[in-house]
Amino acid sequence: MVRLSNNKDSWIWNIDREDEFSVNSVKKALISDRGSSHLPNFEWCKGVPIKYNIMAWRGNMDRLATRINLRRNVDITSVMCPFCDEYEESVDHLFTACSVAIRVWAAISTWCNIPPIFAFDFKDLMDIHNSNQEGKK
Ligand SMILES: [Zn+2]
C-alpha cells in the first residue's frame, strides 16, 4: 500500500503489526504463508557449524547436487551412484539406501554405542536424534 504525503519518504514493515522490520518477522510470515502442503519445518542444530545445517536443510528439500538433480541443467554421462553403480544417485539413495551409506551408518552407530541406524529416506536421518534413548550425546 502506498500513502502520499509531504513527509519524508519511508518504508513501513507492518506484516506483524510492529512496524519494525526483522528477519524473524519475515521468517514467521513465510512459514505461516506456505500452508501445510510444503515440507515440514526443518530443525536447525546450534551445536554444529552452519555449513552442516545448510547441507541438511538442502537435503531435506532434495536440493543437494546429486546426479539426479544435476541432470536437469548439467550434461552428465550417467546418473548412477558412483559408489555402488546399482541405482540412480538421489539424495535418499546416497544417504540411506546405498551399500556404502549403510556401512557408514553401521560404523557410526557402533562408534557412538547406539542401536543400529535404519533410515528409509533422508528425513528419517533428520529425526533419528528424537528417537534415540541414549541421551543428548
Ligand atoms: Zn549407491
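Me: What counts as a helix in this protein?
Reply: A helix is a DSSP run of H or I with at least four residues, and the numbering starts from the N terminus. The model discussed here is predicted. By that rule the protein holds six helices and zero strands, and its elements run α-α-α-α-α-α from the N terminus on. D85 is found in the loop between α3 and α4.

Me: Why is D85 called exposed?
Reply: A residue is exposed when its relative accessible area is over 50%. The value for D85 is 54%, so D85 is exposed.

Me: What makes the phi of D85 noteworthy?
Reply: Most residues other than glycine have a negative phi. D85 is not a glycine, yet its phi is positive, at about 55°. N113, also a residue other than glycine, has a positive phi near 55°. N113 lies in the loop between α5 and α6 (122-131) and is exposed, with a relative accessible area of 64%.

Me: Which atoms are the protein donors of the zinc ion?
Reply: A donor is an N, O or S atom within 2.8 Å of a metal such as zinc. The SG atoms of C81, C84 and C98 and the NE2 atom of H93 lie 2.1 to 2.4 Å from the zinc ion, and therefore these atoms count as donors. Along the sequence, the donor residues follow the spacing C-x2-C-x8-H-x4-C. C84, in the loop between α3 (67-70) and α4 (91-97), and C98, in the loop between α4 and α5 (99-112), are 14 residues apart, and this pair links distant parts of the chain.

Me: Why is the site of the zinc ion called tetrahedral?
Reply: Four donors are tetrahedral if all angles lie between 85 and 135 degrees. The angles among the four donor atoms here are 103 to 119°, so the site is tetrahedral. The ideal angle for four tetrahedral donors is 109.5 degrees.

Me: Why are C84 and C98 called buried?
Reply: Buried means a relative accessible area under 20%. C84 has 15% and is therefore buried; C98 has 1% and is therefore buried too. Buried residues make up 20% of the 137 residues in the protein.

Me: Why is W44 called partly exposed?
Reply: Partly exposed residues fall between the limits of 20% and 50%. W44 has a relative accessible area of 41%, so W44 is partly exposed. W44 sits in the loop between α1 (23-33) and α2 (50-60).

Me: Which residues form a nonpolar patch on the surface?
Reply: The residues are W44, I50, I54 and W57, and together they have about 400 Å² of accessible area.

Notes. Residues numbered from 1 in each chain as written. Predicted model: local features only at pLDDT ≥ 70, side-chain atom pairs only at ≥ 80, totals over all residues. Heavy atoms only, no water. Donors = N, O, S within 2.8 Å, 3.2 Å for Na, K, Ca; no water. Tetrahedral: all angles 85-135°; square planar, octahedral: opposite > 155°, others 65-115°. Helix = DSSP H or I, 4+ residues; strand = E, 2+ residues; numbered from the N terminus. Buried < 20%, exposed > 50% of the residue type's maximum accessible area, 1.4 Å probe, protein only. Patch = residues over 30% accessible without salt bridge, like charges linked within 9 Å, V, L, I, M, F, W, Y side chains within 5 Å. Areas by Shrake-Rupley, 256 points an atom, 1.4 Å probe, with all protein chains shown as cover. Salt bridge = Lys/Arg side-chain N within 4 Å of Asp/Glu carboxyl O.
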